[in-house]
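Biologist: I would like a close look at one part of this model, the place where the chains meet. Could you walk me through that contact and then through the side chains and backbone features around it that deserve a check?

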Number of protein chains: 2
Amino acid sequence: MNGAESLVETFLANDLDLCFANPGTSEMHFVAALDGHPDMRCVLCLFEGGTSGAADGYYRMTGKVAATMLHLAPGFGNAYANLHNAKKAGSGVVNVMGDHATYHNVYDSPLKGDTIGVSQAVSHWTRASATSQDVARDGAAAIAAARSGNGQISTLILPADTAWGDGGAAERAQPAPLHRPDDAALDAAAAALKAPGAALFVGGPAAHDPLLPRVGQIAAASGARITAPLFLGRIARGAGTPMVEQLPYRGELAQEVLKDITHLICIGTTPPVNFFAYPGQPSVPSAPGCQITELCRADMDVTYTLDALADRLGATNTDYPTRPLALPDAPADGALTADSACAVIARWLPDRAVVVNEAVTSGLTFPDHSLTARPFDLLTTVGGAIGGAMPNAVGAAIGCPDRHVVAMIGDGSAMYTIQSLWTMTREALDVTVVIFANRSYRILHFELMAMGFAAAGRNAQRMFDLENPTLDWCALAQGHGVPAIRVETTAELTAALEDRHTTPGPRLIEVIVP
Amino acid sequence: MNGAESLVETFLANDLDLCFANPGTSEMHFVAALDGHPDMRCVLCLFEGGTSGAADGYYRMTGKVAATMLHLAPGFGNAYANLHNAKKAGSGVVNVMGDHATYHNVYDSPLKGDTIGVSQAVSHWTRASATSQDVARDGAAAIAAARSGNGQISTLILPADTAWGDGGAAERAQPAPLHRPDDAALDAAAAALKAPGAALFVGGPAAHDPLLPRVGQIAAASGARITAPLFLGRIARGAGTPMVEQLPYRGELAQEVLKDITHLICIGTTPPVNFFAYPGQPSVPSAPGCQITELCRADMDVTYTLDALADRLGATNTDYPTRPLALPDAPADGALTADSACAVIARWLPDRAVVVNEAVTSGLTFPDHSLTARPFDLLTTVGGAIGGAMPNAVGAAIGCPDRHVVAMIGDGSAMYTIQSLWTMTREALDVTVVIFANRSYRILHFELMAMGFAAAGRNAQRMFDLENPTLDWCALAQGHGVPAIRVETTAELTAALEDRHTTPGPRLIEVIVP
């Protein structure tokens, strides 16, 4: 058994059986080891950003860690943006980055690069195996790191000679135990929640099943409001979910939501902060003087914390108010706007859908329209690096083959990791990709104005607009082997959405919006 | 004048007037500053890998530094792979990476990331401006760094408040002087070149105009051979160029070329090293005992070194043997193979074409076929990170509007930065993109065998083959606004190539090969 085989056996011994791969020569023994273990599922992505984003989406929906296979330094660089998103989402990922044989790395060969440096710039845990005998132990440590703290980015660098040399036996991963708030902090938080002006601010595992109902009970028993960031790895929404108030994108609107809150108790997330700074505006939307308690960070024991609060509040069997089922109105016909498209999609959403929303401007009203839709999980680009949605959809669909996945993406964003379309067809994934074709980086027009500038001039327009030439999304989809349709009215969009059972596998709908 | 404006004025004051951009919100004041300076040419790329690869291609063909505009941490990550290629090619690039306002960066906002860490993992020079008053000075230092050492990767991080705060006046860039070999080293090298078994090993500026003729003179006067790496940022080839022997890809074949060489004098490049290590094989292809002299590293004064050697050898007016003009034979008709396609392309190449060859396996015989073609410059993916060719072609075409650019790319490679097709049409670039559609990562099949394994099994096949679904390159090109044609015979390929004058701007030819 060589080092690479000892790594694959360590993966399987620890229930890690999925690898999103974009291999290169320095990973060849790892490839061969995977070849010898058909119980490892290998999913090819045609760009490394697809691998890391898919592992992120998979973790968000399953809580299970998958591996990525990445080529040395530049390959990892290509995966970096979606590892950033995964990190911010609290997803666990084990990256396996090949490297040159240790003795070859003394030379300035073409692919020699700073594998450790680029990894450390985004990973919680980085290690380069020193010898082939270490690989199983290092692999177990990598899995343990990825599973620690509710999910971390872990990167094992595998020099080629540690892959091909003699390996040790498979080892067991032992994730670090989760930290818990102490009793005094829990007592104080339980008391604070009952005071006027108190609110929970929840994220991480607290924002979805199985823990979100517990949050609803705590709020009902204490009288506290439930607030949450706009961008979350996963949040349960629609009928039957508690009355969570997610913050709007713009700081001034978020301030309005938080203006009466005098004490925020954060569980599973960091305190609220605006996406960007603007001249003369505050960085945080919470009211001046609002007390903020970081009771349970995202990497701490959220289950224990919520149970302990519910115990203290006598809330373990409390009923709590939930969103009713009331399908949103949507215009039966008419020219599409981003808003009407969001309404149509929210109305149509099948039960237990998984929605990935990276339509930064066009999808802005989707959260409102979908408040009382059929229950679904919503995934957003929590690290702000566009290009997450399509790979997230790949991973979510692989993790939840019994649920329909909908990816709502702006045309600008969708270009970053468009290669994921191919993987959707290769793996026959049940995904509807909705492209909002407004033919611009619309958000940047808004941001330019938010910074106090007048309308974009020639240079800015050439950098913000996607016209000349127009992207043809039906052709792009077809090129990747995905059937596609272009729609320009709400009736056409409704018909296209409802058509999903006629074709298995993925499909793309290009929604033309102003 | 704010900090961003002081940066743009510093760029223009130093003859840096081109920016390959993929902007985000944190760069908004930089965008506005560019908007106020229409003499800065802004070229939009729909993915950051396009910006860095284009800046690389532009530098290779012009020797001029361009800027990139990149979004904070993840945006830089997306540019990383092609910055790696640019670094290995010896290209100078000034990256401007936005960042949060300094006071906002104390919060864990979605896009907060390790901007300095990810930059340092690939840049020669990294600096984050501390105040808006520093930006002009920092910008001048960034340009100086990018222009030092014959071209370096330089990254200026621009926190939003340093962009919008009051800036200073434009400053002048002062690149560091180039180091030179001392007289003793030059004397020894000149003597060594005259000894039997001596060879030059050239790269960097020594491999193309205006310096390559000097290399030819030195070789003719001394009797030394001229060797060079296979992968070079730019090498002059075809009729009229000196008799340079580029090393083959595989180490055992490179060994064969170098076997009689007892002394290698390296100018503008590091000593020969194999691309990868293989079990039981040496890392370097030079003969055991071969003396290696690093006379002039890539970042030293190559012009001075070559002139000094020519002086010592009395070679400043020496005639030297060159490749004759003899268009290669190519089959007039028949089914296409990668080899026959390379012959057809080499035969057709217009005078002074710029060829970017990233067809890793399919383009393998192109160097031989094109030895006596019409003179051209050849650019290769010198850092080994696939996804460089299409952006390189964008930059080369912008830098050399009077030359036809041909990008030869494997279908696997071309998927990494496919968004560059759109920029080719947006900028009306005179580029022919040839996609070798063998529908696999063919190189990996070869590498698996080179590592001593039998044929790929199910998992390996699923990771190496691009079938199921088949990529439709004509649809992909059309989706990006680029006209395309699919060819399956040598006659069809010849006709398609010769058709170039009927359509201005870019076109794509999908070459179906086994």
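Modeller: Happy to; what follows goes from the contact as a whole to single residues, and then to rings and backbone. Please keep in mind from the start that this is a predicted model.

Let us begin with how the copies are arranged. Chain B can be superposed on chain A by a rotation of 180 degrees with 0.0 Å of shift along its axis, and the RMSD is 0.0 Å. The two copies are therefore related as by a two-fold rotation axis. Both copies use the same surface, since 100% of the contact residues of chain B recur in chain A. In numbers, chain B brings 99 residues to the contact and chain A brings 99 residues.

Next comes the area. About 8300 Å² is buried between chain B and chain A, and carbon and sulfur atoms give 64% of that. On the side of chain B, the residues that lose the most area to chain A are B:Pro110, B:Arg426 and B:Met463, and together they account for 9% of what that side buries. There are also charges across the contact: four salt bridges are counted between chain B and chain A. One salt bridge joins the side chains of B:Arg462 and A:Glu427, with 2.9 Å from N to O.

B:Met463 leads us to a residue on the other chain. A:Ala21 touches B:Met463 and, leaving aside residues up to four places away in sequence, also A:Val43, A:Leu44, A:Cys45, A:Thr51 and A:Met69. A:Ala21 belongs to strand S1 (residues 18-21) of chain A. What is its relative accessible area? The value for A:Ala21 is 0%, so this residue is buried. The C-alpha atom of A:Ala21 is 7.7 Å from that of A:Glu48, a residue 27 places away along the chain.

Now to the rings. A pair of aromatic rings is described by the distance of the centres and the angle of the planes. Over all chains, the whole structure holds 17 aromatic pairs. One of them is formed by A:Phe47 and B:Tyr416, with 5.9 Å centre to centre and 75 degrees between the planes, an edge-to-face pair. Why does this pair belong in a discussion of the contact between chains? A:Phe47 sits in the loop between strand S2 (41-44) and helix H3 (48-62) of chain A, while B:Tyr416 sits in the loop between helix H15 (411-414) and helix H16 (420-426) of chain B, so the pair joins two chains. A:Phe47 and B:Tyr416 are both buried. Ring pairs also link A:Phe47 and B:Tyr416 with A:Tyr416 and B:Phe47 into a cluster.

For comparison, here is a ring pair with both partners in chain A. A:Phe275 and A:Phe276 are edge-to-face as well, at 5.2 Å centre to centre and 65 degrees between the planes. A:Phe275 has a relative accessibility of 11%, which is under the 20% limit, so it counts as buried. A:Phe276 is also buried, with a relative accessible area of 4%.

Two further ring contacts involve a charge. The charged end of A:Arg180 sits over the ring of A:Tyr304, 4.1 Å from the ring centre. In chain B, the charged end of B:Arg180 likewise sits over the ring of B:Tyr304, 4.1 Å from its centre.

Finally, the backbone. Most residues other than glycine have a negative phi, and most peptide bonds are trans. In chain A, the bond that joins A:Asp209 and A:Pro210 is cis, with omega about 0 degrees. A:Pro210 is placed in the loop between strand S7 (198-202) and helix H9 (212-222) of chain A. In chain B, the peptide bond from B:Asp209 to B:Pro210 is also cis, with omega near 0 degrees, and B:Pro210 lies in the loop between strand S7 (198-202) and helix H9 (212-222) of that chain.

Positive phi values turn up in chain B too. B:Asp15 is not a glycine, and its phi is near 65 degrees; this residue is in the loop between helix H1 (3-13) and strand S1 (18-21) of chain B. With a relative accessible area of 45%, B:Asp15 is partly exposed. B:Arg352, not a glycine either, has a phi of about 60 degrees. B:Arg352 is found in the loop between helix H12 (338-348) and strand S13 (353-358) of chain B, and its relative accessibility of 40% makes it partly exposed.

Methods: Residues numbered from 1 in each chain as written. Chains lettered and ligands numbered in written order. Predicted model: local features only at pLDDT ≥ 70, side-chain atom pairs only at ≥ 80, totals over all residues. Heavy atoms only, no water. Phe/Tyr/Trp six-rings, centres within 6.5 Å; stacked < 30°, edge-to-face > 60°. Helix = DSSP H or I, 4+ residues; strand = E, 2+ residues; numbered from the N terminus. Buried < 20%, exposed > 50% of the residue type's maximum accessible area, 1.4 Å probe, protein only. Lys NZ or Arg CZ within 6 Å of the ring centre and 35° of its normal. Least-squares fit on C-alpha atoms with pLDDT ≥ 70 in both. Contact = heavy atoms within 4.5 Å. Buried area = accessible area lost by both parts, 1.4 Å probe.
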